[in-house]
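Trainee: I would like a close look at one part of this model, namely the way its aromatic side chains are placed. Could you describe that part carefully and then set it beside other local features of the chain?

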Amino acid sequence: MKPATIAIKKYIFKVLVFLFISLYSTHLQAALAANDTTPTVLQPFDILNHLKKENRIEAAVSIYKRNYRHITELRAMTYLDQLSALARELDDKPLESVVFDFKADYYAVNNAFNNLSIAYYQKAINFAKDNGLTLETAIYLHHAGMFYYNFKHNTTACLYFLKSQEEFKKVGFDKVPNMGYYYSQVADFYYHLDDYANAKAQLQEALKYKLTTPRDGISITNTIALIYRNNHQYPEALIYFNKTLEQAQKNKDTVWMGIANGNIGSVYFMQNDYGKALPYIQTDYSQSLKYNEKINATIALLRIVKINLVNNKIQLALKQLDTAELLIHNSPTLALNLRADMLDLKAQCYDKMGLPAKSLIFRKKYEAAKDSLTIQNNIAAVDVVKMQYVIGKHLAEESKLKAKAKVEANERNAVFIILFLLLIITVLVYSRQALKTKKDKELLRAEKLRVDEELKYTALKLDNYTENLRKNNKLIESFKQQIEHLKSKNADNAVVEHLEELMQAHIMTDGNWMEFKKIFLKVYPNFFFNLKKRFLYLSENDIRLLTLIKLQSNNKEMANMLGITIEGVKKAKQRLRKKMNLDDNTTIEEAILKI
């Protein structure tokens, strides 16, 4: 039979399966909509009985995603348990393994980051390993990596991606369906951590494989161009952005045409070639508005503002800044860098208009926003450092395992060659075992030393963080004194308000608390667990106060950090005593120091 005939038959078969699943899903959705509470009567996965083994997982994925991702937990788990039973009936281990993956996905979709998803991903991985399913092991490791990445647990995500690629390598990258897709997802992970070298390497690998849609190829080419642009390699960036535009035009993809135009304009803009940049950026702005891409539209608009400033069109620039503010009004976290840019541009506008007092107000706001952005970037940088450590450690372990495997292979060969020297072989084996034991002890000592050093470093980091909090208290106290002084002098309300804003910026926010909590947990890993175990009815604010007490902060420091009065701290302590049911002879401080 000719290859073309085989391909046509496969295509027809896939179409028939898809139509069957679609009709079946329509019937299933109708049953679900009618509040069918007898899932044992309706067997949603029975269609799999009529499919070849190699087609079952694809069909099961389609049925699950179309019908069960957003129904109640009880019903979803009942249907998935039926699928598990069916897989055992059919003796289909890959199909049985995918049920764990579905359950992990269900809880991730409905409960965000949660322990059930973590447990089910691990079950999927373990089941696949135990049954010799190398491809499935790789896929579930990758899915677990994406789960951690989506919820910003980047170091753990990195470790799973490294392990998954090891498993893909065992299968043979060329034999993995959609290998380009897996590479591009890992590239996206590295790119968003600003690890452009690893991102580029993954993208170049992805391009070696057939991609699912033309858009995938366009996206990869565009990301390579972004990497060149971010590394200030502007000629190379323009080459790849123009390739992106050509591919988008070829596929008549208007969305990507708009994105590519904007990116080409951004390169000219960064080179201060505003004449060339402006038409591209205007196209990007209008296309972004058309498709409701508000962040992209804001970026483009701020570039237009900058060009108008250069051309002394101050009033137009100010109006455009007002428009930009409206565009990102509902995106405070994502648009932090854009808000800083807007404040800077406003300050420049008022400078050019000869209004230094007004410019100074926005310049101070810009500096405050820039400080927040620096903190955010520092957190991201720490993630990259952690990730690089994980990669380095993983590569070192891999090299060590390869070296060890090579040594063992040579030893086996030597045993066959000198088999007749049994006595010598016995001595060699004994010596090798002793050496291995010694090495193991050395490795254990080295690991213990590393853990001890890491704990010392974390404790030092907590001390530094605590010291910074104390310095922060002094700064807040200074702000309070200045505010009281200015109020007594009937000073300008704008100055007083600005100082109050600055003071509020130094009070411990929820974000600061979460970062502080992570460091605190490394030094006192069981503190929160023991606290909640001993005192059942503590709120998050109670825990925050008790943590500061654990660090031996005084009432004044706690009041400044929490943004309340000293009297408020005292009242909070009184309420806590009642909640904790402490006797008259025990202070809160004594109770907490024992935990």
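**Aromatic rings and their setting**

Mentor: F527 has a relative accessible area of 2%, and because this lies under the 20% limit the residue is classed as buried. Please bear in mind that the model is a predicted one. F520 is buried as well, its relative accessibility being 0%. In total, 29 aromatic pairs are counted in the model. Among them is the pair of F520 and F527, whose ring centres are 5.3 Å apart and whose planes meet at 75 degrees. Because an angle over 60 degrees is the criterion for edge-to-face, this pair belongs to that class. One may therefore picture two buried rings set edge-to-face, with F520 at 0% and F527 at 2% relative accessibility.

Ring pairs also build a cluster, which links F113, Y121, F147, Y148, F151 and Y160. Phenylalanine and tyrosine both take part in this group.

Two lysines complete the account of the rings. K517 is placed over the face of F528, 5.1 Å from the centre of that ring. K243 is placed likewise over the face of Y240, with 4.7 Å to the ring centre.

I turn next to a pocket. The second largest pocket holds about 1600 Å³ of space. Its lining comprises 39 residues, and those nearest its centre are I57, E58, V61, N178 and Y182. Several helices share in this lining: α1 (3-33), α2 (53-67), α4 (93-111), α6 (134-150) and α8 (179-192) each provide at least two residues. The greatest contribution is that of α6, with 9 residues. Sorted by class, the lining contains 18 nonpolar, 13 charged and 8 polar residues.

The loops between helices deserve separate attention. The loop between α3 (73-90) and α4 contains D91. D91 is not a glycine, yet its phi is positive, at about 55 degrees. Most residues other than glycine have a negative phi. D91 is also exposed, because its relative accessible area of 53% is over the 50% limit.

N312 offers a second case, with a positive phi of about 60 degrees although it, too, is not a glycine. N312 belongs to the loop that joins α14 (294-310) to α15 (314-327). With 54% relative accessible area, N312 is likewise exposed.

K210 is found in the loop between α9 (196-206) and α10 (214-230). Its relative accessibility is 79%, so K210 counts as exposed. Although 29 residues separate K210 from Y181 in sequence, their C-alpha atoms are 9.1 Å apart in space.

A contrasting loop residue is T586, which lies between α24 (566-580) and α25 (588-593). T586 counts as buried, because its relative accessibility of 18% is under the 20% limit. The side chain of T586 makes a polar contact with the side chain of D583, at 2.9 Å.

Taken together, loop residues in this model fall on either side of the limits: K210 is exposed, whereas T586 is buried. To return to the part you asked about, F520 and F527 form an edge-to-face pair.

Note on methods
Residues are numbered from 1 along each chain as its sequence is written. This is a predicted model: local features need pLDDT of at least 70, side-chain atom pairs count only at pLDDT 80 or more; totals for chains, interfaces and linings use all residues. Side-chain values use heavy atoms; hydrogens and water are left out. Helices (H or I, at least four residues) and strands (E, at least two) are DSSP runs, numbered from the N terminus. Buried means under 20% relative accessible area, exposed over 50%, partly exposed in between (1.4 Å probe, protein chains only). On a 1 Å grid over the protein atoms alone, a cavity is a set of points where a 1.4 Å probe fits but cannot get out, and a pocket is an open set with protein on both sides within 12 Å along at least five of seven lines; lining residues have an atom within 4 Å of a point. Grid points are joined across faces, edges and corners, and a volume is the space filled by probe spheres set on the points. Ala, Val, Leu, Ile, Met, Phe, Trp, Tyr, Cys and Pro count as nonpolar, Asp, Glu, Lys and Arg as charged, and the others, Gly among them, as polar. Rings of Phe, Tyr and Trp (its six-membered ring) pair if their centres lie within 6.5 Å; planes under 30 degrees apart count as stacked, over 60 as edge-to-face and the rest as tilted. A charge sits over a ring if NZ of Lys or CZ of Arg is within 6 Å of the ring centre and within 35 degrees of the ring normal. A polar contact is a pair of N or O atoms within 3.5 Å; within protein, one must be able to donate a hydrogen and the other to accept it, and residues adjacent in sequence count only if both atoms are side-chain atoms.
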